[in-house]
Amino acid sequence: MPYRDPHTAAPCLWAVHDRYGPEFEVSYAVPSEAKDKQERKAIEAALIAVARREMGESPTANFGRIIDGYKQSSYSKDEIVGGPLSEDETESNTENGRGPVPWENVNEVTGSNWMGLEWSEPYFLKNRLAVDPPDNGLYRIWYGSNSPPLAYIGESSNISSRLYNHEKTFGGDALFSYVNRPELDAAHKRQEIETDLIGVHYLENGEAPIAQFGYEEQLQEI
């Protein structure tokens, strides 16, 4: 089994091949928009979001997961090479993911029930210390006079810490709100919902959130 570097899906694809074999089928598309890195990643998020809505679950090898009965290779001090689990071994990334969120109020990106989720009221980032967001959840950042598009969509197991860093990037006058979802207790579960949100944002508004995928320099154009 390969490692997750250079591609995070490699261990899972190896496990699928090992169990089900003998080969994969591959197809690809080359839309002109994909020449731009941010557009390409946004299209990917949109495709995954649509697939999750249609299938009721994530594609098997997305979000760093692996199928039941296998452990992933790890660059730990022992450099573990993954493969089938023995009877006394466990692997956390085989845990079930989170199904798609409802595609409701899709064009209300700053609404209190955007995508069928219960968002908190908006707060200024400069007032973040007066807010007590949950540990596990999702959040969105925007500027009052410039939405849509949003500025950023994120997930975290420590939203307060993320907001501290984001204030430096987006400034104190940016607004944020969050979703309290304690059941999203694993990174892949939060990333699934985050991808739904980014994908629908792209489909509805024709663009990703302004600073998504490491494009913070675009904030200077606001």
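The following exercises, each with a worked solution, concern a predicted model.

**Exercise 1. The sheet**

Determine the strand order of the open sheet and identify which strands form its edges.

*Solution.* Step 1. The open sheet has four strands, in the order 3-6-4-5, and their pairing is antiparallel.

Step 2. Strand 3 (123–124) and strand 5 (152–156) each pair on one side only, and these are the edge strands.

Step 3. The pairings can now be taken along the order. Strand 3 is joined to strand 6 (residues 175–180) by two bridges, and in this pairing Y123 has F176 as its bridge partner. Strand 6 is in turn joined to strand 4 by six bridges, with Y139 partnered by Y178. Five bridges then connect strand 4 to strand 5, where R140 stands opposite I153.

Step 4. As background, strands of a sheet pair through backbone hydrogen bonds, either parallel or antiparallel.

**Exercise 2. The environment of strand 4**

Establish how many residues of strand 4 are buried, and which residues belong to each side.

*Solution.* Step 1. A residue is counted as buried when its relative accessible area is under 20%. By this criterion six of the six residues of strand 4 are buried, so the strand is largely enclosed by the rest of the structure.

Step 2. In a regular strand the side chains alternate between the two faces of the sheet. In strand 4, one side holds G137, Y139 and I141, while the other holds L138, R140 and W142; both faces are covered.

Step 3. Two helices lie across this part of the sheet. Helix 3 (residues 159–170) lies across strand 4 (137–142), strand 5 and strand 6, at about 15 degrees to strand 4. Helix 4 (residues 187–205) lies across strand 4 and strand 5, and runs at about 170 degrees to strand 5.

**Exercise 3. A buried serine**

Describe the location of S177 and its polar contact.

*Solution.* Step 1. S177 belongs to strand 6.

Step 2. Its relative accessible area is 0%, so S177 is buried.

Step 3. The side chain of S177 makes a polar contact of 2.6 Å with that of R140.

Step 4. Not counting residues up to four places away in sequence, S177 touches W119, S120, E121, P122, L138, Y139, R140 and W142.

**Exercise 4. The geometry of helix 2**

Compare the expected span of helix 2 with the distance between its end C-alpha atoms, then describe its ends and its packing.

*Solution.* Step 1. Helix 2 (residues 37–55) has 19 residues, so at 1.5 Å a residue it should span 27 Å; the end C-alpha atoms are 27 Å apart, in agreement. The expected span is 1.5 Å times one less than the number of residues.

Step 2. At the N-terminal end, D36 acts as a cap, with a side-chain oxygen 3.1 Å from the backbone nitrogen of Q38. After the helix comes G56, with a positive phi near 80 degrees.

Step 3. The buried residues are Q38, A42, I43, A45, A46, I48, A49 and R52, and they pack against helix 4.

Step 4. R53, also in helix 2, is partly exposed at 41% relative accessibility. Apart from neighbours within four places in sequence, R53 contacts P100 and W103.

**Exercise 5. The buried face of helix 1**

Show how the buried residues of helix 1 are arranged about its axis.

*Solution.* Step 1. In helix 1 (residues 10–20) the buried residues are P11, C12, A15 and V16.

Step 2. Viewed down the helix axis, these residues fall within an arc of 135 degrees, so they line one face of helix 1.

Step 3. The buried residues of helix 1 pack against strand 1 (70–71).

**Exercise 6. Backbone exceptions**

Locate the cis peptide bonds D5 to P6 and P148 to P149, and the positive phi values of N105 and M115.

*Solution.* Step 1. Most residues other than glycine have a negative phi, and most peptide bonds are trans.

Step 2. The bond between D5 and P6 is cis, with omega about 20 degrees; P6 lies in the segment before helix 1. The bond from P148 to P149 is also cis, with omega near 5 degrees, and P149 lies in the loop between strand 4 and strand 5.

Step 3. N105, not a glycine, has a positive phi of about 50 degrees, and M115, not a glycine, has one of about 60 degrees. N105 is in the loop between strand 2 (83–84) and strand 3, as is M115.

Step 4. N105 is partly exposed at 29% relative accessibility, whereas M115 is buried at 0%.

Conventions:
Residues numbered from 1 in each chain as written. Predicted model: local features only at pLDDT ≥ 70, side-chain atom pairs only at ≥ 80, totals over all residues. Heavy atoms only, no water. Pairing = 2+ DSSP bridges. Contact = heavy atoms within 4.5 Å. Axes fitted to C-alpha atoms, helices over the stretch in contact; angles between N-to-C directions. Buried < 20%, exposed > 50% of the residue type's maximum accessible area, 1.4 Å probe, protein only. Polar contact = N/O pair within 3.5 Å; in protein donor to acceptor, adjacent residues only side chain to side chain. Arc of directions from axis to C-beta.
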